[in-house]
There are 2 protein chains.
Amino acid sequence: MSLKYALLGIIDTRGRPISGYDIKKAFDSTMQFYWNATYTQIYSTLSRMHEEGLLNMEVISQESHPNKKVYQITSAGRDELAEWVAKPLELQRIRNEMLVQITLADRVDSERFVRMLEEYILKVRETLAVLQSNEVQSIVERARTERERFFWEVSLNKGVMTYERELEWAERVLKTYRARFGD
Amino acid sequence: MSLKYALLGIIDTRGRPISGYDIKKAFDSTMQFYWNATYTQIYSTLSRMHEEGLLNMEVISQESHPNKKVYQITSAGRDELAEWVAKPLELQRIRNEMLVQITLADRVDSERFVRMLEEYILKVRETLAVLQSNEVQSIVERARTERERFFWEVSLNKGVMTYERELEWAERVLKTYRARFGD
DNA sequence: CTGCCCATGTAAATGGTTACATGATTGA
DNA sequence: TCAATCATGTAACCATTTACATGGGCAG
């Protein structure tokens, strides 16, 4: 479960106490292109990590809003994070539903297949637009050292790259399909 | 759950009755680069699909080996498969543990980080070698129509491409890291 | 006055992994 | 004689998604 470590990483990087709600937002704006999580998952993982002693928790009473719980990393948490980060990098096991569909696509008629691909291409383009926006790119500016900045840049760019390749690939498949099986 | 449809696809493509054990092998040799499943998952999914009426099942008694259950697709199964295959292609949600590690890699010392990347590069190379082997590439030869062959080729090549890009990327990161943060 | 933001959670279901069990056959 | 192959499964666990619940504040 690397959600645990992603959360530890965000909390540690922040430094100041942070609520689950704000962690989710930080999560979505930094790691959304290679990891994602729902509130349900984040809240329950945070309580478990608190029980395990990886996080300190404090309840902040608020009047015009619900109370909130803010978390900070403990030294045990920092140790566990450091240990995890230094583990060997494993190949991601792949799980691509779309490729299963394409493998079996002989069961779909031509017109429909072409439309499926076209719509897919639009979706990839939309995602790419978000990724290439200044807002996302400016995350990297908040790095505190040149080295940290390097790591952030590399991860973000990998996300962008992945979608760029996806787009090229889908466009090429569409073109080839049309050339070979008419339109 | 697209394991269900991957299995239906394999059983339907085969035509003849096939056991869970053999499905696993077919699975590993055709879709392993974009989907995977354990025996546990395959056996339990097959019984459920049988209950749902998507598969016919027959027990084959054998002497010198354990009995086996062989499955064939029903027309209800074929209908459900055709319906699923024609669904819109969705963007894969990404889940890349390695990128989480790299984002937080400022907590790792240089020597260790370089070694992690080097080992990662070796793993990617090994996987690529398997993918580019003749054995894998020859799967495509078993397609029965030109169009089916096109779909199989496209999916397989996407797998190969993904790992080729991964390799290039990792090598580039390593080179850049060395240039900027010494060795 | 509608809908989104703040903030946290429970419950249930689904999906997926890991460990364990069985036991004959076959090839190196 | 050792390991691999054949063949299927149960049990327990971990991870993830979806649906539901609460209720004030604030902007258009």
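Hi everyone, let me start with a tryptophan. Setting aside its neighbours within four places in sequence, A:W169 is in contact (heavy atoms within 4.5 Å) with A:M98, A:L99, A:I102, B:V154, B:K158 and B:M161.

Before going on, some housekeeping. This is a predicted model, where local features need pLDDT of at least 70 and side-chain atom pairs count only at pLDDT 80 or more, while totals for chains, interfaces and linings use all residues. Residues are numbered from 1 along each chain as its sequence is written, chains are lettered from A and ligands numbered from 1 in the order in which they are written, and side-chain values use heavy atoms, with hydrogens and water left out.

Back to that tryptophan. A nonpolar core here is a set of buried Ala, Val, Leu, Ile, Met, Phe, Trp, Tyr and Cys residues joined through side-chain atoms within 4.5 Å. Buried means under 20% relative accessible area, exposed means over 50%, and partly exposed is in between, with a 1.4 Å probe and protein chains only. The largest such core has 125 residues, and the members that touch the most others are A:F27, A:L46, A:W169, B:F27, B:L46 and B:W169. Its largest share, 15 residues, comes from helix α8 (residues 146–181) of chain B. In soluble globular proteins, nonpolar side chains tend to be buried together.

A word on naming: helices (H or I, at least four residues) and strands (E, at least two) are DSSP runs, numbered from the N terminus.

Now the α8 helix of chain A. How far apart are the end C-alpha atoms of its 36 residues? They are 52 Å apart, and this agrees with the 52 Å expected at 1.5 Å a residue, the expected span being 1.5 Å times one less than the number of residues. After α8(A) comes A:G182, with a positive phi near 65°.

Chain B's α1, residues 3–14, gets a similar check: its 12 residues should span 16 Å, and the end C-alpha atoms are 17 Å apart, which agrees. Of those 12 residues, 11 are buried, including B:L3, B:K4, B:Y5 and B:D12. Just after α1(B), B:G15 has a positive phi of about 85°.

Next, some buried residues. A:A37 is in the loop between α2 (20–30) and α3 (39–51) of chain A, and it counts as buried because its relative accessibility is 7%. Leaving aside neighbours within four places in sequence, A:A37 is in contact with A:L3, A:K24, A:F27 and A:I42.

Over in chain B, B:N96 is in the loop between α4 (75–85) and α5 (97–103). Is B:N96 buried or exposed? At 10% relative accessibility, B:N96 counts as buried. The B:N96 side chain reaches the backbone nitrogen of B:M98 at 3.1 Å. Beyond neighbours within four places in sequence, B:N96 contacts A:Y34, A:W35, A:Q92 and A:K158.

B:T103, in helix α5 of chain B, is buried too, at 9% relative accessibility. The side chains of B:T103 and A:S155 make a polar contact of 3.1 Å; that term means a pair of N or O atoms within 3.5 Å, where within protein one must be able to donate a hydrogen and the other to accept it, and residues adjacent in sequence count only if both atoms are side-chain atoms. Apart from neighbours within four places in sequence, B:T103 also touches A:M31, A:Y34, A:F151 and A:W152.

Finally, the DNA. A residue is near a strand if one of its heavy atoms lies within 4 Å of it. Around strand C there are 19 residues, and A:Y21, A:Y43, A:K69, A:R93 and B:S64 come nearest. Of the strand C atoms within 4 Å of the protein, 73% belong to sugar or phosphate and the rest to bases. A polar side-chain atom of A:R93 lies 3.0 Å from a phosphate oxygen of strand C, while the side chain of B:T40 has an N or O atom 3.2 Å from a base oxygen of strand C.

Strand D has 21 residues around it, with A:M1, B:Y21, B:K69, B:R93 and B:R95 nearest. Here 70% of the strand D atoms within 4 Å of the protein belong to sugar or phosphate. A polar side-chain atom of A:T40 is 3.2 Å from a base oxygen of strand D, and one of B:Y21 is 2.7 Å from a phosphate oxygen of strand D.

Thanks for listening!
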